[in-house]
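Biologist: I'd like to go through the labels on this model with you, one at a time. Could you tell me the reasoning behind each?

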Amino acid sequence: MPLFKPSIKIICLSCILIVPTGCALIPADRGRLPQLDVAQVELAEHIKLPQDTHRDWPQARWWQRYDDAQLDRLIEQALQNAPTLQIAATRVETAHAVLAQNRAEEGVNTAFNADSNRRRYSGTGLFPAPIGGNYFNETAVQVQASYDFDWWGKRRAAIAAALGEENARQAEYAQTEQTLTAVIVQHYFNLQAGWARLDNLQKMLDAQNALLADKRRRIDHGLAAGDERRTAEADIAGTQRLQAAISAQCAREIEALRPLLGADHQALTELRVRSLPEPSPTLPSRLGIELLARRPDLQAARWRVEAALSRIEATEAAFYPDINLAGAIGFDSLTLEKLLKFDSRTLFLGPALSLPLFDSGRLRSRLDSARAQRDEVIADYNQSVFAAVHDVAQEAATLQGLQREREAQEHTTTAANHLFASAEKRFEAGLLDRSTVLSADLVVLRQHDARLQLQNQELSCEIALIKALGGGFSASPETRVGRAVDISSNKPIR
C-alpha cells in the first residue's frame, strides 16, 4: 500500500504535465457558409390580402373555420390512423432513443463482472510449484466503474447534437401533420365541388333536353332547320361527357382520401354533400421571424443546423487529451471456498490518458466532414427560407388574381340572371318562345358552373396559403439546443 499512493501521484502529475503538449492542432474554419437571417425576408409590397387581426395567422385546428362536422371527423380519423404520421412518430422515437443513449454514456458507468474457469499453470512459468504444473479453478467477482470528466465538452456536445436531431424530428412530425390535414381538406373540397358541379350539370342536361324537345317540335312544324336539332344534340353529348369526367374525378378524390385516413374499402361510404364554404383568405402584414416560428419545416432545418454545430464542437473536443478515471473492486481466488475471504479482495484505481499525438490526420478528416455537413444543412436551411417565402408569395399572388376573377364572375352571373328574369317575363307576356327562356337558363347554369370552379380554386389556394404560413404550428424562435423542448404544438408525440 505505501508503494501504491506515490505511484498514483506520479501518474496524475505526469498527466498534468503532458496534457498541455498533447493537443492536436485544430485547423481554422475559413469557409463557413453564412446563415440567412429570416427576419430580413419580406413579401413584395404589391402582395396584399384583406387583413383580419384575429385571423392573420392560422390557428392550430384551422380546418374548423369551415364549420363542417363531416370534415372534422375525417381529419380526426386521419390524425389517429394515418400511416404517414405513424412513420413520422417512429422517427421521433428513434431520435429519442439515440438521445437517451448519449445521455446514458455521461458521468459514471458501472458494470458487474463474474468469471470462473479451470486453468493449468505452466511448470516453468511465473508461478513455481505447487501452483506451476497443476490445474486450479479460478473465480473472480468484480464491480468496475469509470468516470468521464468530459473536460472539453465532447459528451455535452454529442448530447446537444442528439437533442437537436430529436427536435428536428419533432418538427418533421408537425410538418407531416400539416401536410396531411391540408391534403385531406383539399381532396374533400374537390369532392364537394365535383358533386356540386354534377348537380348543376344535371340541371343543365334537363334544360338541354327540354330545349331539344322544343327544337324538334319547331322542326316538325317547319319553324326551324335541322341544324338546330343537331346543335342541341351536340350540346347534350358535351354535357354528358363532362358529367362522366367529373364523376370519375370524384371517384379519384374518394380513393385519394382513403389511404390518407388509413381507412379500408368500406370507409367513406357515408360521406354526404355539403355546400362549399366561401373563401376568406388573410395574410399577415409582416412575415420575418414569425414565419420561422410557424413553419415546422424551417424549425426542422434550424434544429439540424444547431445539431451540426454541436457535432463540430464534439469533433473539435477530440483534438484535446482525454483523461478519465477507472477503477474496479472485487474478489479473486483459486478456490471457491476462499473467494469471499478478506485476503481475496482486489482493487484497482487509476487515471486513463489518451493523447491524440499521432492521430491528427484522422481527426482533421472528421472535422472537415463535420464542417461540410454543417455547410450542407445551412444551405438547406437558406433554401428552405427562400422556398417558404416563395410559397407564401405565390399563393397570395394567385389569390389576388382569383379575387379579381371572382369580381368579374359575379358581374357576369348577375347579368345572366337579369337576362333570364327578363326572358321569363317576356315569355309569360307572349313576346318570346320557350327556347329563348331555356337558352337563358342554360347561360345562368353555365355561369354557376364557372363560379363553382372558381370557388374551388380559391379554396385550394387558401388551404395552400394556410399551409405556407405554418398551418397553426407555433414554436419559439429563441429556443436553443441545451434542454429538451417539444416544439410540436398540435399534440404530444409521447
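Biologist: What makes the pairing of the glutamine 299 side chain with the backbone oxygen of leucine 292 a polar contact?

Modeller: In this predicted model, the side chain of glutamine 299 comes to 3.0 Å from that oxygen of leucine 292. The cut-off for a polar contact is 3.5 Å between N or O atoms, so the pair qualifies.

Biologist: And why is glutamine 299, in helix α7, called buried?

Modeller: Its relative accessibility is 0%. Buried means under 20%, so glutamine 299 falls in that class.

Biologist: Good. What makes arginine 216 and glutamate 233 a salt bridge?

Modeller: Their side chains meet at 3.5 Å, N to O. The limit is 4 Å between an Arg or Lys nitrogen and a carboxyl oxygen, so the pair counts. Arginine 216 sits in helix α4 and glutamate 233 in helix α5, 17 residues apart.

Biologist: Are those two buried or partly exposed?

Modeller: Partly exposed: arginine 216 has 40% relative accessible area, and glutamate 233 has 28%. Both values lie between 20% and 50%, so the label fits.

Biologist: Which labels go to glutamate 278 and arginine 451, and why?

Modeller: Glutamate 278, at 42%, is partly exposed, whereas arginine 451, at 18%, is under the 20% line and therefore buried. Their side chains form a salt bridge too, at 3.2 Å. This pair spans 173 residues, from the loop between α5 and α6 to helix α9.

Biologist: How do you know that glutamate 306 and arginine 302 are about one helical turn apart?

Modeller: They are four residues apart in helix α7, which means about one turn between them. They are bridged at 3.9 Å, within the 4 Å limit, so this is a salt bridge as well. Both residues are buried.

Biologist: How many salt bridges does the whole structure have?

Modeller: The search finds 22. Some form a network, which links Glu165, Arg169, Glu172, Arg304 and Arg311.

Biologist: Now the nonpolar side. Which residues touch the most other members of the largest core?

Modeller: Among them are Trp62, Tyr66 and Phe189, in a core of 45 residues. Helix α4 gives the most, with 15 residues.

Biologist: And why is phenylalanine 149 called partly exposed?

Modeller: Its relative accessible area is 34%, between 20% and 50%, so that is its class. Phenylalanine 149 lies in the loop between β2 and α4 and belongs to a nonpolar surface patch with about 750 Å² of accessible area together.

Conventions:
Residues are numbered from 1 along each chain as its sequence is written. This is a predicted model: local features need pLDDT of at least 70, side-chain atom pairs count only at pLDDT 80 or more; totals for chains, interfaces and linings use all residues. Side-chain values use heavy atoms; hydrogens and water are left out. Buried means under 20% relative accessible area, exposed over 50%, partly exposed in between (1.4 Å probe, protein chains only). A polar contact is a pair of N or O atoms within 3.5 Å; within protein, one must be able to donate a hydrogen and the other to accept it, and residues adjacent in sequence count only if both atoms are side-chain atoms. A nonpolar core is a set of buried Ala, Val, Leu, Ile, Met, Phe, Trp, Tyr and Cys residues joined through side-chain atoms within 4.5 Å. Helices (H or I, at least four residues) and strands (E, at least two) are DSSP runs, numbered from the N terminus. Patches are made of residues with over 30% relative accessible area and no salt bridge: like charges are joined within 9 Å, nonpolar side chains (Val, Leu, Ile, Met, Phe, Trp, Tyr) within 5 Å. Accessible areas come from the Shrake-Rupley method with a 1.4 Å probe; for residues, only the protein chains shown count as cover.
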